Every structure is written in structure tokens, then in C-alpha cells.
Number of protein chains: 2
Amino acid sequence: MPRPRQPRLTRQLIVETATALIDAEGLPAFSTRRLAAALGVQGPSLYNHFATKDEILDAVADGVTGAVDTSGFASRDWAAALRGWAWSYRRALTAHPNIVPYLAQGPGRRPAALAMADAVYGGLVRAGWPPARATHIGAALRYFVAGSALGSFARGFVEDPELYAAHYPHLRQAHRLAEHQQSVDEGAFALGLDALLHGLAAEYDRALGPLGAVESGQSSG
Amino acid sequence: MPRPRQPRLTRQLIVETATALIDAEGLPAFSTRRLAAALGVQGPSLYNHFATKDEILDAVADGVTGAVDTSGFASRDWAAALRGWAWSYRRALTAHPNIVPYLAQGPGRRPAALAMADAVYGGLVRAGWPPARATHIGAALRYFVAGSALGSFARGFVEDPELYAAHYPHLRQAHRLAEHQQSVDEGAFALGLDALLHGLAAEYDRALGPLGAVESGQSSG
DNA sequence: ACCACTAAACTAGCGGTGTAAGTTTTGTTG
DNA sequence: CAACAAAACTTACACCGCTAGTTTAGTGGT
């Protein structure tokens, strides 16, 4: 049954199905043959549209990153923009937690990720941060967001609390919290983000003077 | 050639060889057959000592985590202890960057990771942090360290700077820095860690009073 | 209207993977 | 010395990513 009247496969359709499949069954269970089956097609047919499995995963990851909102850098002060970006970034990743391991480790050439980095870097430089500092800040926040989305020890705790209690006495309490895994993760994220931004604000004042350099892209210094 | 006079395989020997192999050739290239070959043995022989490939990887990951130094929590104030731990943690991960993706995504039951979490949590609580806060702080720092070890955009930038310059104007400078990838990563880590600790210190003073609660485990409050 | 060409599916198959099953021999223990 | 466990072996299964070659439906040119 070759060359149907209407193509059954599209890059977009493949990516959407792949995303749904990964969301539903996890990254290890995701294979080209299974993806093809979900599309009603034989395995190798995918290679008419993508050169490699990683290229498909890159497209999926790019779709996830593309949902991140960086508009704050155009309208708000750098700290508020960073905060909004970080939360949006986190939301995008936790919406598709199963591709995060791939996304986090990946160089790859994913336009959305580069566009995001560009927006953050540009916004920080425009706010007066020295270029090198802007690079570091963007990277540090990415580290934090990606790490938080990757998974917590809470997820790793086993069901039986008694099993570890004897060996690791302090974890008794923390262990109980594993039930509220998600809220722990979010609480840790909120706390860490606040601390990071607080520290950055102090650094900003120290390095650039409390007068503030170029505040919002207006009026030079 | 079954059952040699002296066993050729040991759990320890397997883990050591696996670590070396992953360090040398990367995680994707690591397979049970290749590991067995490196040990002068057929593939399935490994299963006399480990039930599954993941169990081997868990052991490797545990070995890496085991090198993290948490002794600071016994001797220094919480902020210094956190700083020392974070750097030690980072050093342990960057010493074996290739298993980090596995380690980061994995819950797994790895005693060293649990011992580490226990030491951090205990140290923070002893310093006066409320238990919930201690959990969050430990998690936030793990997020940051794991994220930073996983990979930076610097590593992801392609060789040809001109290729992206047109599309993402702000990245021109950052792009050049890709050559100094390692120093960028480390700079971002140092900056982020300082900011985090600064923010936490402020929070500590605000929440527990500038007098400090129980400073070093002595003298109740 | 025909013909060449391309696109998009197919089938067949290669080399590799993790691991289960059963075999054989060695070392240890009652 | 017999019985048993341990630790290697061989064989084999189902799956993996991907290549190669085949077949046909649609498309552009004359």
C-alpha cells in the first residue's frame, strides 16, 4: 500500500503523536516502531520525514520549549521578567515531564531553546547587566529550572517508610512528605527561585550602584 | 569454560569497569555485552552478579554520589556547610559527566544519595531551620547542582557562529564564549550558588531572627 | 495526453540490545 | 564421596534504530 492519495504522515502529526506517546508511556517505552504503529504506519516510514529518532525527539523538545513565555523581558524590570520566565519555563517542563531528561541533557539544535536564551540574555543586557554576567544568570536559572523539573528525591523514596528510617534517621519526616511530592517540589522551587532572585538583586545593587543603570531600556547611564 | 577456579567477576570489579567504560565512551555506547567484553567474559555472565542493567547503573551512580563530602554539616555553620557540599557535589558529578543523565533522572534506590540527603537535612534542622524549610533548601540546591552538571547551552552551541547570529542577534557574544564552555559553566554555578546562599541567609535572618536560633547544635533556644 | 520524476508508503533485513533459559564444570559442604 | 551452589558458558527471543530496495500515487513539462 504505497504512496496513498493523501499523505498519512506530516512532521507536525508525527511530533504531536510522539509527544502524546511520550507523555503517556514514558521515554524508555518510546520507539520508532511504536510511534509508527500509533500513526497507523510501518516503522521505517517515519524516515521519509525525519532523518533520525533524535531528530524527532529534538522536535518534541522544541515544541515544549516553545511554550515558554519570555515576553516579560520586553515589558517589565529584569527581576520580574526573570521570575515570570522561570515559572513559565517550569510550567512548560512539568506539563511534559517525561521528555525532560532528553531536553535537559541535550545540546541539539532546537530553535525555540535558542530563541529563549536569546530573549533572556538580551533582556538582562538591556537592563544593565554586563554581558558575561547575563550569560551566567541565564545559565544559572536554566540549571535550576531544569534540575527541579528532572525529579526530586521525593519521587525516589520507596513506599515503605520503615525500611530506611533505621539507616537514615533524619529522613523520617522528609519521607512522610513524599506523599506530597508535587507540593514539595513546588515549594522547593519557589523558595530557591526567591533566594536566587534576592541574591541577584543584591549583586545588582552592589555591582551597578543602587541608582540602577539603564532601568528599562530608556535613558542611558 | 564454566566456573573458573577463581571467579573472574565481582560486583566491585564490574562497577569499576562499568564506570571506566562510561567515562571513556559515554552512556549510549555502554551495553552489557560491551561491559562483559571489557571484563573478558560473555554478556549474560553479568547476570550472575546483577539482576539487571539498571542495577549496574545504579551501583555506578551510587559510587559517584558516595564521593560527595557532607562533613561540613558536622563542623561548620549551615551556610558554609551548604556551600562546601554544593561544590563537592558538583565536583563529583563533573568527574563523571557521562552518568549524570542517568543519575539525574533516576529515583532508584541508591544508599549514598539517601545518606547525602539525610546529612544535609539533618544539618539544616540542627542549625535551626524548620523541617519543611530544610527539605526545600536541600531540594533546591540539588536541583541547581544537578541541572548545572547536566549540560549547558554552551555545550549545545554549534561550531559555526555565523549560522545563528542572524537569527538570534544577542547570542553573538555568548556564542563566542562557547569555546570557554567549562569556565562559563563554572562561572554560572558560582554566581548562582552565591546568589542562592545570599538569599537563604536573608531568609534565615528574617524568619528566625538575627540573633540566630541554635547555631551549631549547642545551647537550646 | 503522455512521460519522466518525485514522494511516500511498503517489505526485507542487518547488526545490535537486554535478558531468559538451560548447560556444564568447578568449588564447597554434609 | 555425594549433593549442592556458584559462576561461567551457549542458545535464543523479542525488540531496537536504521538501510536498502520496491511499488505506486501524484505532479510538472512538453
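Here's a quick briefing on the fold, the core and the helix packing of this structure.

This is a predicted model, so keep an eye on the confidence scores as you read. Chain A is built from twelve helices and has zero strands. Its helix H8 crosses H8 of chain B at about 105°, and the largest nonpolar core counts residues from chains A and B among its best-connected members.

**Chain A overall**

- Read from the N terminus, chain A is helix after helix: α-α-α-α-α-α-α-α-α-α-α-α.
- Chain A has 221 residues, and 41% of them count as buried.
- Take the contacts in chain A between residues at least 6 apart in sequence: 69% of these join residues at least 24 apart.

**Confidence**

- The average pLDDT of chain A is 85, with 79% of the residues scoring at least 70.
- A weak patch covers residues 153-160 of chain A, where pLDDT is below 50; the model still gives this stretch 15 contacts beyond near neighbours in sequence.
- Residues 215-221 of chain A also stay under 50, and there the model has seven contacts beyond four places in sequence.

**The nonpolar core**

- The largest nonpolar core has 120 residues.
- Which residues have the most contacts inside that core? They are Val60(A), Leu196(A), Val60(B), Leu124(B) and Leu196(B).
- Leu196(A) shows how the chains mix: it touches Leu141(A) and Phe144(A), and on the chain B side it meets Gly192(B), Ala195(B), Leu196(B) and Gly199(B), leaving aside residues up to four places away in sequence.
- As background, nonpolar side chains in soluble globular proteins tend to be buried together.

**H8 against H8**

- Helix H8 of chain A and helix H8 of chain B, residues 131-150 in each case, pack with their axes 7 Å apart and an angle of about 105°.
- That angle makes H8(A) roughly perpendicular to H8(B).
- From H8(A), the residues at this crossing are Arg142(A), Tyr143(A), Phe144(A), Ala146(A), Gly147(A), Ser148(A) and Leu150(A).
- Facing them from H8(B) are Arg142(B), Tyr143(B), Phe144(B), Ala146(B), Gly147(B), Ser148(B) and Leu150(B).

**H7 in both chains**

- H7(B) runs over residues 111-126, and its 16 residues reach 22 Å from first C-alpha to last, close to the 22 Å expected at 1.5 Å a residue.
- Twelve of those 16 residues are buried, so H7(B) is largely enclosed by the rest of the structure.
- Among the buried ones are Asp118(B), Tyr121(B), Gly122(B), Leu124(B) and Val125(B).
- H7(A) also covers residues 111-126, and its end C-alpha atoms sit 22 Å apart, in agreement with the 22 Å that 16 residues should span.
- The buried residues of H7(A) include Asp118(A), Tyr121(A), Gly123(A) and Leu124(A).
- Each H7 is followed by a glycine with positive phi: Gly128(B) near 110° after H7(B), and Gly128(A) at about 110° after H7(A).

**H12 of chain A**

- H12(A) takes in residues 181-208; at 1.5 Å a residue its 28 residues should span 40 Å, and the end C-alpha atoms are indeed 40 Å apart.
- Just after H12(A) comes Gly209(A), with a positive phi of about 85°.

**A loop in chain B**

- Pro44(B) is found in the loop between helix H2 (32-38) and helix H3 (53-66) of chain B.
- Is Pro44(B) buried or exposed? It counts as exposed, because it has 10 C-beta neighbours inside 10 Å.
- Twelve residues along the chain from Pro44(B) is Ile56(B), and their C-alpha atoms are separated by 13 Å.

Key:
Residues are numbered from 1 along each chain as its sequence is written. Chains are lettered from A and ligands numbered from 1 in the order in which they are written. This is a predicted model: local features need pLDDT of at least 70, side-chain atom pairs count only at pLDDT 80 or more; totals for chains, interfaces and linings use all residues. Helices (H or I, at least four residues) and strands (E, at least two) are DSSP runs, numbered from the N terminus. The expected span of a helix is 1.5 Å times one less than its number of residues. A nonpolar core is a set of buried Ala, Val, Leu, Ile, Met, Phe, Trp, Tyr and Cys residues joined through C-beta atoms within 7 Å. A residue is buried if 20 or more other C-beta atoms lie within 10 Å of its own, exposed if 12 or fewer, and partly exposed in between; C-beta atoms are placed from the backbone. Two residues are in contact if their C-beta atoms, placed from the backbone, lie within 7 Å. pLDDT is the predictor's confidence in each residue, from 0 to 100. Axes are lines fitted to C-alpha atoms, for helices over the stretch in contact, and angles run from 0 to 180 degrees between N-to-C directions. Angles under 35 degrees count as roughly parallel, over 145 as roughly antiparallel, 65 to 115 as roughly perpendicular and the rest as oblique.
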